[in-house]
Structure formats: structure tokens, C-alpha cells
Amino acid sequence: MEETIKFKRCSKCKTLKEVSRFYKNRVFKDGYHNQCILCQMSNFARQRVECECGKYVLQFYMKDHLNTRLHFKTLNQLENGRNRNSVK
Ligand SMILES: [Zn+2]
Ligand SMILES: [Zn+2]
């Protein structure tokens, strides 16, 4: 049996890559996603998520953000605000 490596061009980075560099996805005609795994991962990393402190942080930065002063400060303010509100 002949093994042929199929290539596909990523619609985002325009690079020709082996199909193993793409996620399988039945939605697409050839069975693979039109963006390579790397591009999909960077899309994901660029998404902003809401932290428990209420700030919107880039997905890839979230881990670092959790150790920042800003996070603790905002979280404290939030807690204080909550306590104040709950006192009747
Ligand atoms: Zn790509
Ligand atoms: Zn935070």
C-alpha cells in the first residue's frame, strides 16, 4: 500500500502543512478544519475570559493574571463591596 501524505493550506497562516497538522472536522469537505492546529490554538489564546475578579483577561494570560496584584486588589474590593452590601 502506498502511503501518500496529504497537504492542506491553512486559511489563516496560508502555510502548506501536512493534514496531521489540522484537526479533523467533518463539516469541511476534505474532512479537516480549514485552519491549522497552531492557528486554532492562537485563536483560542486570544479569547478574553472573565476572571473571578470581574476583569476580562486574555486566555493565555489568565494564569499570570491570577498572580498579579491587580487581581488580588480587585478581588478584595469585590469582597468588601459584597460584605458592605450584605449588611442591612
Ligand atoms: Zn495556520
Ligand atoms: Zn482576576
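**Figure 1. V19 and the residues it touches.** Leaving aside residues up to four places away in sequence, V19 touches K6, F7, K8 and Y32. This is a predicted model, so every view here shows computed coordinates. Where does V19 sit? Look in the loop between β2 (16-18) and β3 (22-24). Is V19 buried or partly exposed? V19 counts as partly exposed because 16 other C-beta atoms lie within 10 Å, while a buried residue needs 20 or more. Another residue to pick out in this view is G31: twelve residues separate V19 and G31 in sequence, and their C-alpha atoms are 9.6 Å apart in space.

**Figure 2. K14, a residue with a positive phi.** Now move to the loop between β1 (7-9) and β2, where you'll find K14. What is phi here? For K14 the angle is near 60 degrees, a positive value in a residue that isn't glycine. As a rule, most residues other than glycine have a negative phi. K14 is exposed, because just 8 other C-beta atoms lie within 10 Å and the cut-off for exposed is 12 or fewer.

**Figure 3. Two domains in one chain.** Stepping back a bit, the protein chain splits into domain 1, residues 7-44, and domain 2, residues 48-86. How far apart are the C-alpha centres of domain 1 and domain 2? They lie 35 Å from each other. Along its principal axes, the C-alpha trace of the chain spans about 75 × 25 × 25 Å. The radius of gyration of the chain is 22 Å, whereas a compact globule of 88 residues would have one near 12 Å. Buried residues make up 5% of the 88 residues. Of the contacts with a separation of 6 or more, 13% are between residues 24 or more positions apart.

**Figure 4. Helices and strands along the chain.** How many helices and strands are there to trace? The protein chain has three helices and six strands. Starting at the N terminus, you meet them in the order β-β-β-β-α-β-β-α-α.

**Figure 5. Confidence from strand β2 to helix α3.** Which element has the highest confidence, and which the lowest? Strand β2 comes out highest, at 97, and helix α3 (residues 69-86) lowest, at a mean of 87. Over the protein chain, pLDDT averages 91, and 93% of the residues score at least 70. One thing to keep in mind while zooming in: where pLDDT is low, the predicted coordinates shouldn't be read in detail.

Conventions: Residues numbered from 1 in each chain as written. Chains lettered and ligands numbered in written order. Predicted model: local features only at pLDDT ≥ 70, side-chain atom pairs only at ≥ 80, totals over all residues. Helix = DSSP H or I, 4+ residues; strand = E, 2+ residues; numbered from the N terminus. Contact = placed C-beta atoms within 7 Å. Domains from an automatic or database assignment. Rg over C-alpha atoms; globule rule 2.2 N^0.38 Å. pLDDT = per-residue confidence, 0-100.
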